[in-house]
Amino acid sequence: MGCIMAWYDPDGRAPDYDPPFLPEWDDPQWVRWELDHLGELPVHTQEILDNMADVRHLGPTHGAPSEYFENQFIDHVYVQRQGGPMQLYQTYLYTTTWYTGPGILLSKQVFAGNTIYELIANTPVDDGLTKCFHGCLFKGSAATATDEDRAAAKQAQAGALEAFGADFNVWANKRPAIKIMQLKTDGPFRTGRKWYSEFFSSPEDAAKIRAELNGIVHTEGMATPAQANHNIDAGLPF
Ligand SMILES: [Fe+2]
């Protein structure tokens with residue numbers, strides 16, 4: 001998908017799972033991304049992954065407060081389903097976002113007649129230093145994407161990058177959260193961190209963590225996707 005995805009294991013073991021692939025990448029209706037190279041960020045990747053549980057930042061940081069929210073853990077995959085009014089475009093935003101392993105986020109986003117997949121790849125290159133890449137795969141209007149679709153895709157990627165930039169500003173200026181203080185109505189940070197820890201664990205311990213976490217987690221005070229008619233998951237590769 002326009003990237004070289006590499007598996008790093010200091011013990012030299014073979015990959016535990018395949019990298020993600022979106023069938024839409026090979027569909028001429030979809031406009032492929034050209035990656036934004038975002039450089040290095042002085043933050044541990046854990047802090048980036050924390051956002052999967054962070055339901056309460058979506059309004060203040062991105063202007064799209066969540067009305068429904070859930071997380072799901074499936075072995076090496078960490079899913080977030082959410083949606084709510086998108087204030088800037090006066091529309092409703094539905095998203096299903098999932099990490100395949102600790103470094104590759106894909107997010108299906110449906111809003112105002114648009115469907116996109118956002119990619120955020122975050123790779124630790126040193127202790128407390130993360131390199132980031134970004135792109136958007138955009139669904140065109142015809143069986144073969146038109147020039148207008150390509151222009152709209154560029155705009156969509158720029159818009160998504162601007163939204164992502166708001167997270168960047170937080171990460172660039174925060175101190176490490178060694179222990180997270182949270183309310184019950186925040187998302188499942190602790191569970192998300194436990195999921196993330198499987199990638200620093202022995203295969204036996206990772207299997208235990210997966211067995212313990214696999215399932216769906218709801219957040220107090222939030223509607224569920226089912227209650228909000230969230231219906232964008234058909235065909236997603238997880
Ligand atoms: Fe965010």
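This is a guided tour of the structure above, with a suggestion at each stop of what to select next.

**Before you start**

The model is predicted, so its local features are given only where pLDDT is at least 70 and side-chain atom pairs count only at pLDDT 80 or more, while totals for chains, interfaces and linings use all residues. Residues are numbered from 1 along each chain as its sequence is written.

**The whole chain**

Show the whole protein as a cartoon, and you will find 5 helices and 9 strands, where helices (H or I, at least four residues) and strands (E, at least two) are DSSP runs numbered from the N terminus. Followed along the sequence, these elements come in the pattern β-β-α-α-β-β-β-β-β-β-α-α-α-β. The C-alpha atoms fill a box of roughly 50 × 40 × 35 Å along the principal axes. For 238 residues a compact globule would have a radius of gyration near 18 Å, and the 17 Å of this protein agrees with that; the radius is taken over C-alpha atoms, and the globule rule is 2.2 Å times the number of residues to the power 0.38.

Buried residues make up 31% of the 238 residues. A residue is called buried if 20 or more other C-beta atoms lie within 10 Å of its own, exposed if 12 or fewer do, and partly exposed in between, with the C-beta atoms placed from the backbone.

**First stop: strands 6, 7, 8 and 2**

Select residues 104–111 and 114–126, which are strand 6 and strand 7, and see that they pair in the antiparallel sense over 8 bridges; two strands are said to pair if DSSP finds at least two bridges between them. Within this pair, S107 has E118 in strand 7 as its bridge partner. The hairpin has 2 residues between the strands, and there A112 takes a positive phi near 50°, although A112 is not a glycine. With 10 C-beta neighbours inside 10 Å, A112 counts as exposed.

Next add strand 8, residues 129–139, which runs antiparallel to strand 7 and is joined to it by 10 bridges. Look for Y117, which stands opposite L137 in strand 8, and then for G128, which takes a positive phi near 75° in the hairpin of strand 7 and strand 8.

Now select strand 2, residues 36–41, which is joined to strand 8 by 5 bridges and runs antiparallel to it. One of the residues to pick out here is G39, whose bridge partner in strand 8 is C132. How many of the 6 residues of strand 2 are buried? The count is 0, and the strand is hardly covered.

**Second stop: the cores**

Colour C136, L137 and F138, which touch the most other members among the 29 residues of the largest nonpolar core. Such a core is a set of buried Ala, Val, Leu, Ile, Met, Phe, Trp, Tyr and Cys residues joined through C-beta atoms within 7 Å. Strand 1, helix 1, strand 5, strand 6, strand 7, strand 8, helix 3 and helix 4 each supply at least two residues of this core. Apart from it lies another core, of 10 residues, among them V55, L58, Y68 and Y94.

Centre the view on F138: leaving aside neighbours within four places in sequence, F138 is in contact with W30, V31, I116, D149, A152, A153 and A156, where contact requires C-beta atoms, placed from the backbone, to lie within 7 Å.

**Third stop: strands 3, 4 and 9**

Move to strand 3, residues 68–74, where 5 of the 7 residues are buried, so that the strand is mostly covered. Strand 3 pairs with strand 4 in the antiparallel sense over 7 bridges, and the bridge partner of Q72 in strand 4 is V79. Strand 3 also pairs with strand 9, residues 215–218, in the antiparallel sense over 4 bridges, and E70 stands opposite H218 there.

Between strand 3 and strand 4, select D75, a residue other than glycine with a positive phi near 55°. D75 is partly exposed, with 17 other C-beta atoms within 10 Å.

**Last stop: helix 4 and the loop after it**

Select helix 4, residues 189–197, and highlight its buried residues G192, W195 and Y196. They cover an arc of only 100° around the axis, which puts them on the same side of the helix; the arc is that of the directions from the helix axis to the C-beta atoms. These buried residues pack against helix 1, strand 3, strand 4 and helix 5.

Finish at F200, in the loop between helix 4 and helix 5. Is F200 buried or exposed? With 10 C-beta neighbours inside 10 Å, F200 counts as exposed.

Note on methods. Contact = placed C-beta atoms within 7 Å.
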